[in-house]
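Let's read a protein model together, one question at a time. Keep the picture open and try each question yourself before you look at the answer.

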Amino acid sequence: MLYNCISKFNTVIILEVIVGRTVIDVKDARKTYVMGQEKIRAVDGVTFTIEEGEFCCILGTSGSGKSTLLNLLAGIEKLSGGDIIINGSSIRKMSEKKLSKFRQENLGFVFQAYNLLGSMTALENVELPLVFKRISPGKRKRMARSILKKVGLGGRMDHKPKEMSGGQQQRVGIARAFVARPKIVFADEPTGNLDSKTTIEVMQLIKGMALKNKLTIVMVTHDISLSKYADKIIHVSDGKITEIEYNENPLGGLKPAEPQPIDATHGEETVQQADSKQDKGFAQPTGLKVNKDTVRKPT
Ligand SMILES: Nc1ncnc2c1ncn2[C@@H]1O[C@H](COP(=O)(O)OP(=O)(O)OP(=O)(O)O)[C@@H](O)[C@H]1O
Ligand SMILES: [Mg+2]
């Protein structure tokens, strides 16, 4: 009897380590917009799960319902039907106040248009989620400075968004999304406004930060080449899931950690120094492919 209990207990632990715990459980989720006489089924009954530490990509053409689905997952849009359970809590049942607290404590966001506050410096923008979490000014400055260095912007902390390139602004956006150590980061077309070289840098940065911190990522894109960074690819069309693919060899895996260079600039490294440092931690894309053997159709 005792042996059986221990054995069952071990099996559960081993399964959780291998498979990962479900953090997002989507059950027949629906979102319908009513426009006069017309009903638009932007999300039309989707069911899937996202596991802890998974990089999940929602892939589809324009108008297929990707952003609506992401906004439902993040509790930004209200469901018309079905339910979404995040970390064991039904977001449908949460009050607006509880939902907004839940978002502040658990979720991070990266937007296509960066959504930085123009009147604030990079440092102040990154500090914002920590202000909402009521972290003391000294501590939040330290945390914001540290993450800005990690994204290669040690030399741009006092710049306002208009004094930075698109890629640099998105790195500020990524620092802001990760600084409060969320459990899940949602990204809607995070590289949509960037050139192809900067797109790779930004994707590697998001992937690297997620792996290092064991975070769950949900990213929306229309670009199939970006979906190759994901462990799981959810194809959507007309608000429905058409296929779920599993990728055994996603792009952007981590290389073993490298020693940090001595900071001779007292934190004020140049963007060039930071840029070259940033690329080192991550494997370059090498044409890894989606493993069709592991593709399964949604149930
Ligand atoms: N607030 C809204 N009111 C009415 N219809 C909406 C609203 N938001 C989205 N839609 C409709 O829902 C459908 C899905 O829109 P959604 O923005 O989710 O698509 P998407 O896949 O993100 O597209 P894109 O790649 O162009 O961003 C579209 O037909 C859109 O017109
Ligand atoms: Mg969209």
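Q: In what order do the four strands of the open sheet lie?
A: This is a predicted model, and in it four strands form an open sheet with antiparallel pairing. In general, strands of a sheet pair through backbone hydrogen bonds, either parallel or antiparallel. Reading across this sheet, the order is β2-β1-β4-β5.

Q: Which strands are the edge strands?
A: An edge strand pairs on one side only. In the order β2-β1-β4-β5, the strands that fit this are β2 and β5.

Q: In β5, which residue is the bridge partner of I85?
A: Strand β4, residues 81-86, runs antiparallel to β5, and two bridges join them. The bridge partner of I85 in β5 is S90.

Q: What angle does the direction of α2 make with that of β2?
A: Helix α2 packs on the sheet, where it touches β1, β2 and β4. Its direction and that of β2 make an angle of about 60 degrees.

Q: Which element gives the most to the shell around ligand 1?
A: The shell has 13 residues, and the closest are Y33, A42, S62, S67 and T68. By class, four are nonpolar, eight polar and one charged. At least two residues come from each of β1 (22-35), β2 (38-51) and α2 (66-73). With three residues, the element that gives the most is α2.

Q: Is K31 buried or exposed?
A: K31 has its place in strand β1. Beyond its neighbours within four places in sequence, K31 is in contact with A42, V43, T68, L72, E77, L79 and S80. A residue counts as buried when 20 or more other C-beta atoms lie within 10 Å of its own. K31 has 22 such neighbours, so K31 is buried.

Q: What distance separates the C-alpha atoms of K31 and L72?
A: Along the chain, K31 and L72 are 41 residues apart. Still, K31 is in contact with L72. Their C-alpha atoms are separated by 8.1 Å.

Q: How many of the 13 residues of α6 are buried?
A: Among the buried residues of α6 are Q168, V172, I174 and F178. The buried residues pack against β6 (107-111), α4 (122-132), α5 (137-150), β7 (184-188) and α7 (196-213). The helix is largely enclosed by the rest of the structure, because the number of its residues that are buried is eleven.

Q: What should the 13 residues of helix α6 span?
A: Helix α6 covers residues 166-178. The expected span is 1.5 Å times one less than the number of residues. The end C-alpha atoms of α6 agree with the expected value, which is 18 Å.

Q: Against which helices do the buried residues of α5 pack?
A: The buried residues of α5 are R140, A144, I147, L148, K149 and K150. In general, an α-helix has 3.6 residues a turn, so residues three or four places apart point the same way. The buried residues of α5 pack against α4 and α6.

Q: Where is R134 found?
A: R134 is not a glycine, although it has a positive phi of about 60 degrees. R134 is exposed, because 8 other C-beta atoms lie within 10 Å. Its place is the loop between α4 and α5.

Q: Is K214 buried or exposed?
A: K214 is found in the loop between α7 and β8 (216-221). K214 also has a positive phi, about 55 degrees, although it is not a glycine. A residue with 12 or fewer C-beta neighbours counts as exposed. K214 has 10 inside 10 Å, so K214 is exposed.

Definitions and conventions: Residues numbered from 1 in each chain as written. Chains lettered and ligands numbered in written order. Predicted model: local features only at pLDDT ≥ 70, side-chain atom pairs only at ≥ 80, totals over all residues. Near = placed C-beta within 6 Å. Nonpolar A, V, L, I, M, F, W, Y, C, P; charged D, E, K, R; others polar. Pairing = 2+ DSSP bridges. Contact = placed C-beta atoms within 7 Å. Axes fitted to C-alpha atoms, helices over the stretch in contact; angles between N-to-C directions.
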